[in-house]
Amino acid sequence: MAKGKLSSTQICYRISLALLPIMLGLSLLYQAGIFIPTKIFPPCMFHALTGFSCPGCGSTRAVSALFRFDLLTSLKLQPAIFYCALVIPPLSFLIHWHCS
């Protein structure tokens, strides 16, 4: 590999490291009442047309529950979001440790 060129693994790791403080910051802003995700997300067109919740609706509500640190609600709404929040940070660290 040429000097200065990043591998795809290193790029993914750097993106993960950049997203972690962003998510933490958004969560803290949400707790302070400054950032309200439901005001920036557009309404679900599937739900508006049919009245049924789509899988994406559950994901949005699960992320919103994670911002409120309401882990049980997030797990109930969309287990995959909760699982990803638990697995991605340690996995990013292991990828970085293995590549170093």
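**Reasoning from values in a six-helix model**

The protein holds six helices and zero strands, and the model shown here is a predicted one.

Trainee: How do you know in what order the elements of the protein run from the N terminus on?

Mentor: Reading from the N terminus on, the elements follow one another as α-α-α-α-α-α, which agrees with a count of six helices and zero strands.

Trainee: Why is Thr-60 called partly exposed?

Mentor: Thr-60 has its place in helix H4, and its relative accessibility is 35%. Buried would mean under 20% and exposed would mean over 50%, so Thr-60, at 35%, counts as partly exposed.

Trainee: And Ile-81, at 22% relative accessibility, why is that residue called what it is?

Mentor: Ile-81, which belongs to helix H6, has a value of 22%. Since the buried class takes in values under 20% and the exposed class those over 50%, Ile-81 therefore counts as partly exposed.

Trainee: What makes Ser-59, Ala-62, Val-63 and Leu-66 contacts of Ile-81?

Mentor: A contact asks for heavy atoms within 4.5 Å, and, once the neighbours within four places in sequence are left aside, Ile-81 is in contact with these four residues, Ser-59, Ala-62, Val-63 and Leu-66. For Val-63 there is also a C-alpha to C-alpha distance of 6.9 Å from Ile-81, across 18 residues in sequence. That distance runs between C-alpha atoms, whereas the contact cut-off of 4.5 Å applies to heavy atoms.

Trainee: How far apart are the C-alpha atoms of Thr-60 and Gln-78?

Mentor: They are separated by 8.9 Å, while the two residues lie 18 residues apart along the chain.

Trainee: What makes up the lining of the largest pocket, in terms of nonpolar, polar and charged residues?

Mentor: The largest pocket holds about 720 Å³ of space. Of its 22 lining residues, Leu-20, Met-23, Cys-84, Ala-85 and Pro-89 are the closest to its centre, and two or more lining residues come from each of helix H1 (8-31), helix H4 (55-67) and helix H6 (79-99). Helix H6 gives the largest share, nine residues. The lining divides into 19 nonpolar, three polar and no charged residues; Leu, Met, Cys, Ala and Pro all count as nonpolar, so the five residues closest to the centre are nonpolar.

Trainee: Which elements have the lowest and the highest mean pLDDT?

Mentor: Helix H2 (residues 37-40) has the lowest mean, 62, and helix H5 (residues 71-77) the highest, 84, while the protein as a whole averages 76, with 86% of the residues scoring at least 70.

Note on methods
Residues are numbered from 1 along each chain as its sequence is written. This is a predicted model: local features need pLDDT of at least 70, side-chain atom pairs count only at pLDDT 80 or more; totals for chains, interfaces and linings use all residues. Side-chain values use heavy atoms; hydrogens and water are left out. Helices (H or I, at least four residues) and strands (E, at least two) are DSSP runs, numbered from the N terminus. On a 1 Å grid over the protein atoms alone, a cavity is a set of points where a 1.4 Å probe fits but cannot get out, and a pocket is an open set with protein on both sides within 12 Å along at least five of seven lines; lining residues have an atom within 4 Å of a point. Grid points are joined across faces, edges and corners, and a volume is the space filled by probe spheres set on the points. pLDDT is the predictor's confidence in each residue, from 0 to 100. Buried means under 20% relative accessible area, exposed over 50%, partly exposed in between (1.4 Å probe, protein chains only).
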